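Colleague: Please take a close look at one part of this model for me. I would like the second largest pocket, and then the helix packing and backbone details that go with the picture.

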Amino acid sequence: MNEHELRAAVIDAIVEVAPDVDPHTIDPGASLAEELDIDSMDFLSIVVALHERTGIEIPERDYPQLATLDDTVAYLLERD
Amino acid sequence: MPSLGADMAEGTLLEWRVKPGDTVRKGDIVAVVDTSKAEIEVETFQAGTVAELLVSEGTRVPVGTALAVIEPLMTGAPVAGAPTPAAGAPTSPAGAPTPAPGAPTPTPSAPTPAPSAPTPAAGPQTAAAGPPTPPPSLPVPPTPPHPLGEPAGDRRVRISPIARRAAQALGVDISTVRGTGPAGAITRTDVERVREPSRPAAPAPTPEKQAAMRQAIGALMARSKREIPHYYLQIDVDMSGALHWLSEHNLERAPQARVLPAAMLLAAVARAARDLPQMNGFWIDGSFQAAEAVHLGVAVSLRGGGLVAPALHDADRKSLDELMGDLRELVRRARAGVLRSSEMSDPTITVTNLGEQGADLVHGVIYPPQVALVGFGAVRQRPWAQGGMVGARPTVIATLAVDHRAADGHAGSRFLAAIRRRLEQPRMLDDSSVPTPTHEPQQGKEPA
């Protein structure tokens, strides 16, 4: 998957747990936890959705690397 | 029409999930009711065959109105009465049973020829003099009242009303959708997955619903503070062992099977509640009624504001993996606005976990008529003294609010200590049959 597709996948996963978030205006540098109010349950759902969509499995020890949308896309790009 | 809110006087029968001729078992969802704050899936505690639907979809009726007639399987004699699981056990969306003022509620002595599940402790079931105080714990079957499978008879697509509306709006044929909800039910997410990814965000709850929810929460919390003499205790818990155990547990697991620390906290509370039942029950008519099961209320914040605290049934009897699965499902449905009446009415003790939002500890407000609320703050690195040395460990502050009418500080303190023991011996959390040791070797004398 290219960066565009990965970014779309991450945005979809975020919007699925946070349907009040406008996918077109997500701040790519915003903290998922604090600014988008995504908790550990939501985050796990995002990890599951990304695994299903991209085939990339994210181990728990790497969770801290996925702090923002940009961070998450960069992480996935490295592992695609 | 069950009462599902502190101030609920009427409800709208939104949708029937059964029709005359269908066979229903205890726990089957038979209808969806709109309480004006939330849509609740109503389960039946009457098994049998649906004889007649008395109220049509879209009709608003007062609480206590008979909705349908279900003929018990055994005798075939019709039983007049609403298939309401809340036979006098109304609850608010925040999870606390309260009497609906002025509204007739079905009395506990409504005729049910088929002997059903064991009734809870005798106290709440006897008719009270004066205004009927509905019993908070329902005559639930020993097993969790989840839908027990397809009704005998024609196969029907199980779909939530939100999903059905989404399917209509998006032009999706529901017979082509694979359901991932409970018992294979089609959820809104399932419907939306059929479509292309770039779809508009799901609509937020209407301002009216949000305002109604705010009012309900406010009324309940005000009542709690007015009526319940709260006392508060706190304890520091070393989470290093639990987190280490959890990371090993999750290491080889696919994301779908991973367990969150939150599930461990809930498991510890559930098992402690089983061991120390003074915290697990209700204050009704001037006395404490211990609950027969541990149905753990979980405070779930809703995006856009609002709070519900639905029950994880029999939380003390589940393995950690089962509890995690149930928790995921419960949170998902709470946030999708599709909870079940038994989840609203059954909590016997509630946990609120606010650590992820940043708070170090919670001074909570008990949901009447429960008698206790457990709070957890953030798990963070804190100084910790062990063996005369100070180091840094991940710790969490657990708090307990207790109704002082029901239990004294001594019992509360022991309860918090039991929670801590469970968390500091994480292996115990995964095997619900293993009792936790009740004595810590280094403690002082036991009271006489």
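Modeller: What follows starts at the pocket, then turns to two helix pairs and two backbone details. Keep in mind that this is a predicted model.

Pocket first. The second largest pocket has a volume of about 990 Å³. It is lined by 30 residues. Closest to the centre are Asp39(A), Ser40(A), Phe43(A), Tyr63(A) and Glu356(B). Three helices each supply at least two residues of the lining. They are α2 (40-54) of chain A, and α5 (240-251) and α6 (261-275) of chain B. The largest share comes from α5(B), with four residues. By class, the lining has 16 nonpolar, nine polar and five charged residues.

Now follow α6(B) away from the pocket lining. The axes of α6(B) and α7 (320-336) of chain B come within 9 Å and cross at roughly 110°. Angles of 65 to 115 degrees count as roughly perpendicular, so α6(B) is roughly perpendicular to α7(B). The crossing is right-handed. On the α6(B) side, the contact residues are Ala263(B), Met264(B), Leu266(B) and Ala267(B). On the α7(B) side, they are Leu320(B), Leu323(B), Met324(B) and Leu327(B). By class, this contact has eight nonpolar residues, with no polar and no charged ones.

Chain A has a helix pair to set beside this. Helix α1 (residues 3-17) and helix α3 (residues 69-79) of chain A have axes that come within 9 Å and cross at roughly 130°. That angle is over 115 but not over 145, and α1(A) and α3(A) are therefore oblique to each other. Here too, the crossing is right-handed. From α1(A) come Glu3(A), Leu6(A), Arg7(A), Val10(A), Ile11(A) and Ile14(A). They meet Leu69(A), Asp70(A), Thr72(A), Val73(A), Leu76(A) and Leu77(A) in α3(A). By class, the contact of α1(A) with α3(A) has eight nonpolar, one polar and three charged residues. The charged ones are Glu3(A), Arg7(A) and Asp70(A). The polar one is Thr72(A).

Two backbone details in chain B remain. Most residues other than glycine have a negative phi, and most peptide bonds are trans. Asp285(B) has a positive phi of about 50°, although it is not a glycine. Asp285(B) lies in the loop between β9 (281-284) and β10 (287-290) of chain B. The other detail is a peptide bond. Pro368(B) and Pro369(B) are joined by a cis peptide bond, with omega about 0°. Pro369(B) sits in the loop between β16 (349-353) and β17 (372-376) of chain B.

Note on methods
Residues numbered from 1 in each chain as written. Chains lettered and ligands numbered in written order. Predicted model: local features only at pLDDT ≥ 70, side-chain atom pairs only at ≥ 80, totals over all residues. Heavy atoms only, no water. Axes fitted to C-alpha atoms, helices over the stretch in contact; angles between N-to-C directions. Parallel < 35°, antiparallel > 145°, perpendicular 65-115°, else oblique. Left-handed = near helix turned anticlockwise from the far one by under 90°. Contact = heavy atoms within 4.5 Å. 1 Å grid on protein atoms, 1.4 Å probe; cavity = no way out; pocket = protein on both sides within 12 Å on 5 of 7 lines; lining within 4 Å. Points joined across faces, edges and corners; volume = space filled by probe spheres on them.
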